[in-house]
Amino acid sequence: FHVPNERRDRIEAMRLAAEGVKPGVPDICFPYALSGLPRCGWIELKSETGSLSLSQRQWRETLKSIGHEWAMLRTVEAVAETLVFWRVPGAERIRF
């Protein structure tokens, strides 16, 4: 799948919608295995003052309801800390 984070004009937005792109999908998906079991963590990146849209809040609730990890984060350091917390393999080696 593809999470289209780039800026787009109205025509591009209509084309993506026709292809099935859904609004509110988190920015980053981390599929990983924990104790041999498949897991998935989703991260929504926001600026210092950014907030979730209605569609982003709905995705959060849907993903969490099916057992996926989900986080809204504002810094790359927070991303690294969250991946370590989720026990994503290799996350402890992330350096900035």
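Student: Okay, helices here are DSSP runs of H or I with at least four residues, strands are runs of E with at least two, and both are numbered from the N terminus. What pattern does the protein chain follow along the sequence?

Tutor: Going along the sequence, you get α-β-β-α-β-α. That's 3 helices and 3 strands. Keep in mind that this is a predicted model, where local features need pLDDT of at least 70 and side-chain atom pairs count only at pLDDT 80 or more, while totals for chains, interfaces and linings use all residues. Residues are numbered from 1 along each chain as its sequence is written, and side-chain values use heavy atoms, with hydrogens and water left out.

Student: Got it. What does the C-alpha trace span along its principal axes?

Tutor: About 45 × 30 × 20 Å.

Student: And how many of the residues count as buried?

Tutor: 30% of the 96 residues do. Buried means under 20% relative accessible area, exposed means over 50%, and partly exposed is in between, using a 1.4 Å probe and protein chains only.

Student: Which residues make up the largest nonpolar core?

Tutor: There are 10 of them: Y32, I43, A71, L73, A78, V79, L83, W86, V88 and A91. Strand β3 (69-73) and helix α3 (76-85) each supply at least two of those residues, and α3 gives the most, with 3. To count as a nonpolar core, buried Ala, Val, Leu, Ile, Met, Phe, Trp, Tyr and Cys residues must be joined through side-chain atoms within 4.5 Å.

Student: Why would they group like that?

Tutor: In soluble globular proteins, nonpolar side chains tend to be buried together.

Student: What does V79 touch, leaving aside its neighbours within four places in sequence?

Tutor: V79 is in contact with I43, L45 and L73, where contact means heavy atoms within 4.5 Å. Apart from the largest core there's another one, of 5 residues, including C40, W42, L52 and L63.

Student: C40 is a cysteine, right? How many disulfides are there?

Tutor: The count is 0, with a disulfide being a pair of cysteine sulfur atoms within 2.5 Å. The cysteine sulfur closest to that of C29 belongs to C40, but at 3.2 Å it's too far for a bond. C40 itself counts as buried because its relative accessible area is 12%.

Student: New topic! How many salt bridges does a search of the whole structure find?

Tutor: It finds 6. Each one needs a side-chain nitrogen of Lys or Arg within 4 Å of a carboxyl oxygen of Asp or Glu. One of them pairs R39 with E69, at 2.9 Å from N to O. R39 sits in strand β2 and E69 in strand β3, so this pair ties together parts that are 30 residues apart in sequence.

Student: Are R39 and E69 buried or exposed?

Tutor: In between, actually. R39 is partly exposed at 28%, and E69 is partly exposed at 24%.

Student: Where do R15 and E12 lie?

Tutor: Both are in helix α1 (residues 10-18), 3 residues apart, which is about one turn of the helix. Their side chains meet in a salt bridge of 2.4 Å, N to O. An α-helix has 3.6 residues a turn, so residues three or four places apart point the same way.

Student: What about the ends of α1?

Tutor: At the start, a side-chain oxygen of D9 comes within 3.2 Å of the backbone nitrogen of I11. Just after α1, G20 has a positive phi of about 100°.

Student: And helix α2, what should its span be?

Tutor: With 12 residues (54-65) at 1.5 Å each, α2 should span 16 Å, and its end C-alpha atoms are 17 Å apart, which agrees. The expected span is 1.5 Å times one less than the number of residues. After α2 comes G67, with a positive phi near 90°.

Student: Last one: where is K46 found, and is it buried or exposed?

Tutor: K46 is in the loop between β2 (37-45) and α2. K46 counts as buried, because its relative accessibility is 17%. Its side chain makes a polar contact of 3.1 Å with the side chain of Q56. A polar contact is a pair of N or O atoms within 3.5 Å; within protein, one must be able to donate a hydrogen and the other to accept it, and residues adjacent in sequence count only if both atoms are side-chain atoms. Beyond its neighbours within four places in sequence, K46 is in contact with S51, L52, Q56, M72, L73 and R74.
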